[in-house]
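Colleague: I'm new to this kind of model and keep tripping over the labels. Can you take me through them?

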Amino acid sequence: MTVHIDPKSSSLTWKRVRRYVPILDWGRSYDRTAFGNDMVAAIIVTIMLIPQSLAYALLAGLPPEAGLYASIVPIILYAIFGTSRALAVGPVAVVSLMTAAAIGNVAETGTMGYAVAALTLAALSGAILLAMGVFRLGFLANFLSHPVIAGFITASGILIAASQLKHILGVDAGGHNLWEIVSSLIAHVPETNMTTLAIGVLATGFLFWVRKGLKPALRAIGVGPRMADVITKAGPVAAVIATTLVVWGLGLADGGVKIVGDVPQSLPPLTMPDFSVSLISDLLVPAILISVIGFVKSISVAQTLAAKRRQRINPDQELIGLGAANLGAAFTGGYPVTGGFARSVVNFDAGAQTPAAGAFTAIGLAIAAIALTPLVYFLPKATLAATIIVAVLSLVDFSILKTSWRYSKADFVAVSATVLLTLGFGVEVGVTSGVILSIGLFLYRTSRPHIAEVGLVPSTQHFRNIKRHKVITDPSVLTIRIDESLYFANARFLEDYVLDRVVGETELRHVILMCSAINEIDLSALKSLEAINHRLDEMGIALHLSEVKGPVMDRLKCAHFLDDLTGKVFLSQYDAMTELLKVPAVSLSVEDAPDTAETKAS
């Protein structure tokens, strides 16, 4: 029996496989040059990630090794399933903070239940991201507007920095919002360990100098740009080594300086999340929020870096890649991960050509987990806190308040509310309120669309707002341009506007709805158009449409509206004016409108 395989079917199947497993695509052209560039980038990012991973685990309330574990298998899985050539996946500050806030409500920090809850949170986040990618639901993240994201990240940066001050002071303080954190810190100030404070302040100052002043200083003494960049990125490692040696050499741990202590010397273990119904119900909403926030941050970084090299990012496949990474973290002792801005930029600038750079980084971190963990026993927690503070303060951007105030008062309200709610009530309330605000503002704006009465610009076939330009009009014809798609939220608004406008206009015979900006008309809006058509007919006024887009016309043809329309559908607004008036346009009167530059937005 002979089996015949259709070449076209085989080709389509292979193309589909490559779509879901991008490594099969870029891996075919992988060469020695790409390998060399990826290795250099991996070395630099590994140096940067070792202290960061330990620090972010501390921020999440987890043992330091959890940060390393969350940076190994997840990176490898993203390299297989992700589409970004430069995105570096792993623990990040904001997600670490959200993790601590979420699992802090279901388990006590430092217990086995807390670590298992972190695994479950990563598994839920991975499953949510994977499902969104498979069903192509990436568009849902668009409901989280930029002002809300900017406000949330700014507030989170402040919360994170404030939460790390307890390690700088060497005291036991806590809290889930800024008021609780500050109150707790003030109450424990008399217990400050002065040695810890000195280490924390010096480490913070050194890291700030490394970030701002070290590279210019190295360049000034003749160090090459690539080497200067590597040395600068190794700044946190230098702080770790120096403070660890000081604490070990002087026996400061015996004087109350809190240290990292024992870190298991092993590769990531195989772990199993707890899938009990009660725990899943407690963590489901936080997992959704972490997934959406993580995806929005990750995709924005990936698209920014891809654009610089004219590469393409597939958002739905990115969801699959991030979902796989989080599932990997769940089963190897980690916690939720996403693409980090700082390390991705470092990866890009260091010359990473493919996701293989991430895989090489994972190998470097695995070596660190096996060979270097005993060396961080005396690492003071104050140094890790300093690393976090310096990293997250770059996230704080109050300029968004000034920008949004000048550009859009509604966006300013969204930013301000998100910042205040996040600081006042914690990250979950802040981001949830931000999502609700984003959707609410969208519905408010689109429920009251911009509607302009337009006329003909003399000596052209263009129509512009009568309030902005000198235009030609006629009292028997009213042309209204709706600058928004019509749907249930704004259908009644248009109906009321048209009917209010025609009242008392005794000379009016025609109303034209200029539809050039309408992309969709839903059933509720169709019913409103039918009502407008009927009411105008009772007044002896014909309703016409002009410049209707093809997809909108296709939808209208499926209903009886066009059959009942008292007027006509015109290809262009100019055709409508000249036919309805039965006279050349130049013989019409000029509306007494203000002189305005033609370049002004209509």
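Modeller: Sure, let's begin with helices and strands: they are DSSP runs, H or I over at least four residues for a helix and E over at least two for a strand, numbered from the N terminus. Residues are counted from 1 along each chain as its sequence is written. This is a predicted model, so local features need pLDDT of at least 70, side-chain atom pairs count only at pLDDT 80 or more, totals for chains, interfaces and linings use all residues, and side-chain values use heavy atoms, with hydrogens and water left out.

Colleague: How many helices and strands does the protein chain have?

Modeller: There are 25 helices and ten strands in the protein chain. Its C-alpha trace spans about 95 × 80 × 60 Å along the principal axes.

Colleague: What is the mean pLDDT of the protein chain?

Modeller: The mean is 88, and 94% of the residues reach 70 or more, on a confidence scale from 0 to 100. Over residues 585-602, though, the pLDDT is below 50. That stretch still has 40 contacts in the model beyond near neighbours in sequence, a contact being heavy atoms within 4.5 Å.

Colleague: OK, on to single residues. Why is Ser-459 called exposed?

Modeller: Exposed means over 50% relative accessible area, buried means under 20%, and partly exposed is in between (1.4 Å probe, protein chains only). Ser-459 has 80% relative accessibility, so it counts as exposed. You'll find Ser-459 in the loop between S3 and strand S4 (463-465). Its phi is near 65°, a positive value in a residue other than glycine.

Colleague: And what makes Arg-310 exposed?

Modeller: The relative accessible area of Arg-310 is 81%, so exposed is the word. Arg-310 lies in the loop between helix H13 (277-308) and helix H14 (315-330). Arg-310 also has a positive phi, about 55°, although it isn't a glycine.

Colleague: Now the opposite label. Why does Glu-453 count as buried?

Modeller: Glu-453 has a relative accessible area of 18%, so it goes down as buried. Glu-453 belongs to strand S3 (residues 451-456).

Colleague: Which residues does Glu-453 touch?

Modeller: Leaving out residues up to four places away in sequence, the list includes Arg-464, Ile-466, Leu-478 and Arg-501. The side chains of Glu-453 and Arg-501 also share a polar contact of 2.9 Å. That label is for N or O atoms within 3.5 Å, where, within protein, one must be able to donate a hydrogen and the other to accept it; residues adjacent in sequence count only if both atoms are side-chain atoms.

Colleague: How do you know that Ala-542 is buried?

Modeller: Ala-542 comes in at 14% relative accessibility, so it counts as buried. Ala-542 sits in strand S8 (residues 542-546). Aside from neighbours within four places in sequence, Ala-542 is in contact with Arg-509, His-510, Val-511, Thr-566 and Gly-567. Ala-542 and Ala-220 are 322 residues apart along the chain, with 77 Å between their C-alpha atoms.

Colleague: How much of the whole chain counts as buried?

Modeller: Of its 602 residues, 50% do. As for contacts with a separation of 6 or more, 80% come from residues 24 or more positions apart.

Technical notes. pLDDT = per-residue confidence, 0-100.
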